[in-house]
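Reader: I should like to learn how to read the features of a structure one at a time. Please give the general idea before each case.

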Amino acid sequence: MVKRGQKDSATPTNETFDPLEVEGKTPATVVLLLSSPEEDILIKACEAVHAFADGGDENKVLLLGLGALEPLCQLINHGNKLVRRCAFMALGVMSTHAEGIKALKKLNIIPSIIDKLSPQEETVVHEFGTLCLASLSVDFVCKAQIFDNNGLLPVIQLLSSPDPDVVKNSLEIIYSQIQDYPSRSAIHELGGVSHLLAQLKSEFPVIQQLALKILQNITIDKDTRITFREEQGFENLVDILKSKDLHDLHAGSLDVVANCLNDSECFQLIHKGGGLAKLMEFILSPILPEIQANAVKCIAKVAQSSENRNMLHEQNVEKVLVELFSVSDDRVKAAASQAVSAMSTNLASKEVLRELGAISALIELLSCGALTVKRDASRALSDLTHNNLLNIMAVYEAGGHERLVQLLTEECPMTVASSAATLSNMAGQEDIRYSILSQNVLPALVESLKSKDSHVQTSTALCVAALACDTASRTEFKTAGGLLPLVNLLDSKNKDVQKMACLAVKACACDEPCAVEICVLGTLEKLQKINQLENQRNIFSEMAITSLMNSNLPVKYSLMGFLSPTDHVTDGFYDAGKTVAGQRVLSLEEHFCQPVNQHRAIIVINTAKHGAEMDGWDENKPKDKSPIEEHRKRLKDSALEALVQEAKETVLLINDDMEQYSSLARMVSRAMGGAVDREKMHTFEWTLDISELKVKLQSNVVPIGLIKKGMYYHRALLFKCLADFIGLSCSLVRGEYNRAWNEVLVLNAPTQRYVVDLMHNPGSLLKVNTPAAEQYQKI
């Protein structure tokens with residue numbers, strides 16, 4: 001090993017190993033001599049094996065093939081100490097080969113080796129015995145054997161050995177052992193902490209590095225941290241951090257410091273002893289940038305605890321962090337941004353950081369060429385603006401939203417996710433939202449929705465939900481092709497992604513055009529599937545379904561079989577019949593495109609007024625109208641328009657509420673074939689009338705005003721349509737077997753709900769839940 005400050009002057013040589021100085025001079029002969037009863041021969045044979053094995057891996061493999069290991073394992077227990085010493089030397093070298101480890105595992109050698117680590121044995125035995133255990137300890141089974149045979153205690157005691165090779169080997173054994181929890185806690189219980197701290201002052205860097213790696217692992221345990229503090233471990237680390245000559249140990253020392261400071265109780269005691277102030281001094285001192293960055297990361301790790309954040313705030317850590325933004329090294333800037341993120345959970349720190357200029361500094365870092373700096377700066381802004389209006393305004397006033405929109409196209413997923421999250425935080429303010437939308441943000445978000453990264457998906461969907469707050473923005477998002485990638489996120493296995501996608505769907509579904517397209521994409525079926533699973537159902541999925549149905553009444557009526565008085569039927573509404581859950585409701589355009597069939601006609605609301613507007617188009621212009629527009633023009637319903645006009649001129653002039661509903665009911669009945677005696681329903685050939693209309697129109701879609709013989713569900717829809725058009729309140733309820741009816745609420749004292757008879761005694765209002773009403777509702 002090389003001492004600190006000493007150069008490694010070792011150079012390769014062309015020397016060859018001396019021939020075996022024993023009788024026969026061949027490896028096979030030497031291996032046979034390992035079973036000799038004469039001690040002198042055993043010593044020479046072991047020395048020869050050691051020398052030959054030390055010549056390279058090929059020699060080790062040859063000796064393994066000749067069966068050298070088994071007699072060597074027996075000789076380490078020999079009564080002659082010289083035999084034991086030489087046998088250990090040979091065995092130790094043999095154990096450094098992978099095949100040697102495999103063979104030793106089968107020979108159960110570990111208990112014998114541990115037994116020879118006692119203080120009574122020679123240093124050479126300790127050196128090669130620990131070398132053998134260090135090689136074996138990388139294996140899981142061997143680690144367990146070392147622990148079960150109480151091997152840790154003698155190994156820890158050997159850390160006091162004057163021989164550096166023994167110490168190094170012992171540290172390697174301990175490092176392998178502490179990868180398992182039982183060994184990690186045992187180090188503290190067996191008094192290992194003080195021995196490890198002593199090795200931090202070793203002359204050999206490799207020993208110091210190993211000791212630090214072990215301390216970094218074991219100080220995760222709370223009891224170990226207590227002992228570490230009591231043994232002045234923190235003070236030892238601060239001394240290392242102050243020494244420029246020990247800069248190679250700074251990173252490891254900071255890792256151990258972070259473990260200690262992350263414990264609130266330990267942190268308080270260190271803070272009271274002046275340790276935190278010393279750490280702050282170290283961070284600001286002119287040291288290597290890499291180490292300075294690691295020190296700041298240590299602060300970020302410490303700030304994960306709320307109690308620690310309070311104490312860091314009391315020490316004005318925010319001022320230190322903001323000063324670090326002016327350091328030229330990108331690693332330091334990135335680390336300072338990470339620490340700002342951690343401190344931002346503290347409300348007081350958020351205020352102080354803004355006052356110190358952290359926000360403007362972070363916005364400048366968003367233009368940095370280093371990807372890590374942009375990533376961590378955008379994350380810091382996200383945390384600073386979370387639930388903090390003043391910080392949001394500070395970002396906006398500094399033009400940060402413009403740069404954040406640009407970062408949505410970055411390659412780094414975390415940068416995109418944090419930028420979208422910050423924009424979401426800011427979008428709650430109307431003026432800021434419009435300013436963000438003016439930056440062409442929605443097309444950028446559409447591309448982000450296609451990301452495979454779950455963090456990007458979650459933040460982007462949330463940002464869409466926050467920005468799609470008006471018809472213009474929702475239309476822009478739809479035109480940019482955002483609905484399909486958004487709906488695809490509903491299939492995500494990540495719960496957060498799925499929830500935010502539901503929220504964004506809910507926002508986009510507030511307008512009918514978006515709602516219709518979203519339904520065409522199979523969204524309702526996806527949402528219903530989510531709501532059927534207990535571990536996936538969430539409030540946003542339920543809100544999304546409600547929003548979709550409220551903006552797409554044909555789908556709502558088809559699935560729910562009910563339209564409330566606030567659900568107003570308008571042009572474009574259609575009744576496709578009852579649809580079972582999980583089955584997609586086809587759009588009106590899809591129904592228009594289907595050939596005429598024998599299935600139930602699709603009844604559509606399409607007033608002549610709507611068609612008249614289309615008639616005004618210049619037919620010489622390019623024909624870019626959609627199929628649904630062409631069909632609506634061709635199937636314009638002037639008869640319905642006439643009924644609407646008649647209802648306005650007659651029904652609205654009636655002062656009595658009940659008479660208004662009765663008058664409208666009689667009008668509907670006359671339009672659809674008049675009253676039909678209950679006993680003669682079978683003679684009412686309404687199906688023929690509908691079939692003839694389908695053939696005449698060459699469409700499965702039939703305008704409701706053209707139906708001259710209508711059944712319950714035709715009449716109920718027409719009543720709902722006319723009532724909504726002239727401002728009367730009523731609901732529409734679908735029953736079984738072509739039944740449907742309207743319920744109205746009459747406010748004359750006493751207030752009463754009625755079912756409207758449109759079929760048998762048109763104009764009669766039947767009190768809800770009475771035999772007469774129930775008879776009308778059922779066959």
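Reader: Which residue follows α45, and what is the sign of its phi?

Author: Please note at the outset that this is a predicted model. Gln698 comes directly after α45, and its phi is positive, near 50 degrees.

Reader: What are the length and the span of helix α45?

Author: Helix α45 comprises residues 686–697, that is, 12 residues. From its first C-alpha to its last it reaches 17 Å, close to the 16 Å expected at 1.5 Å a residue.

Reader: Which residues of α45 are buried, and which are exposed?

Author: In general, an α-helix has 3.6 residues a turn, so residues three or four places apart point the same way. In α45, the buried residues are Trp686, Asp689, Ile690, Leu693, Lys694 and Leu697. They cover an arc of only 135 degrees around the axis, which puts them on the same side of α45. Val695 and Lys696, on the other side of α45, are exposed.

Reader: What is the strand order of the open sheet of 5 strands, and is the pairing parallel or antiparallel?

Author: The general idea is that strands of a sheet pair through backbone hydrogen bonds, either parallel or antiparallel. Here the order is β1-β5-β6-β7-β8, and the pairing is antiparallel. The edges are formed by β1 (562–563) and β8 (765–767); each has a single partner strand, so one side of each is left without a neighbour in the sheet.

Reader: How many bridges join β6 to β7, and which residues stand opposite each other?

Author: Strand β6 (residues 740–746) and strand β7 (residues 752–756) run antiparallel and are joined by 4 bridges. Val746 of this pairing stands opposite Gln752 in β7, and Glu743 stands opposite Val755 in β7.

Reader: How does strand β5 pair with β6?

Author: Strand β5 (residues 731–734) pairs with β6 in the antiparallel sense, over 4 bridges. Arg734 stands opposite Ala740 in β6. The hairpin of β5 and β6 has 5 residues between the strands, and in this hairpin Tyr737 takes a positive phi near 55 degrees.

Reader: How many residues of β6 are buried, and which helix lies across β6, β7 and β8?

Author: Of the 7 residues of β6, 6 are buried, so the strand is largely enclosed by the rest of the structure. Helix α44 (residues 657–671) lies across β6, β7 and β8, and runs at about 160 degrees to β6.

Reader: How many salt bridges does a search of the whole structure find?

Author: As a general idea, side chains of opposite charge can pair when their charged atoms come close. The search of the whole structure finds 28 salt bridges. One of them joins the side chains of Glu121 and Arg84, at 3.4 Å from N to O. Glu121 lies in the loop between α7 (110–115) and α8 (123–136), and Arg84 in helix α5 (residues 81–94), so the pair ties together parts that are 37 residues apart in sequence.

Reader: Are Glu121 and Arg84 buried or exposed?

Author: Glu121 is buried, with a relative accessible area of 15%. Arg84 is buried as well, at 13%.

Reader: What is the N to O distance between Arg666 and Glu659, and which residues are joined into one network?

Author: The side chains of Arg666 and Glu659 meet in a salt bridge at 2.6 Å, N to O. Arg666 counts as partly exposed at 31% relative accessibility, and Glu659 is partly exposed, with a relative accessible area of 31%. Salt bridges that share partners join Asp575, Arg600 and Arg734 into one network.

Conventions:
Residues numbered from 1 in each chain as written. Predicted model: local features only at pLDDT ≥ 70, side-chain atom pairs only at ≥ 80, totals over all residues. Heavy atoms only, no water. Pairing = 2+ DSSP bridges. Helix = DSSP H or I, 4+ residues; strand = E, 2+ residues; numbered from the N terminus. Contact = heavy atoms within 4.5 Å. Axes fitted to C-alpha atoms, helices over the stretch in contact; angles between N-to-C directions. Expected span 1.5 Å × (residues − 1). Buried < 20%, exposed > 50% of the residue type's maximum accessible area, 1.4 Å probe, protein only. Arc of directions from axis to C-beta. Salt bridge = Lys/Arg side-chain N within 4 Å of Asp/Glu carboxyl O.
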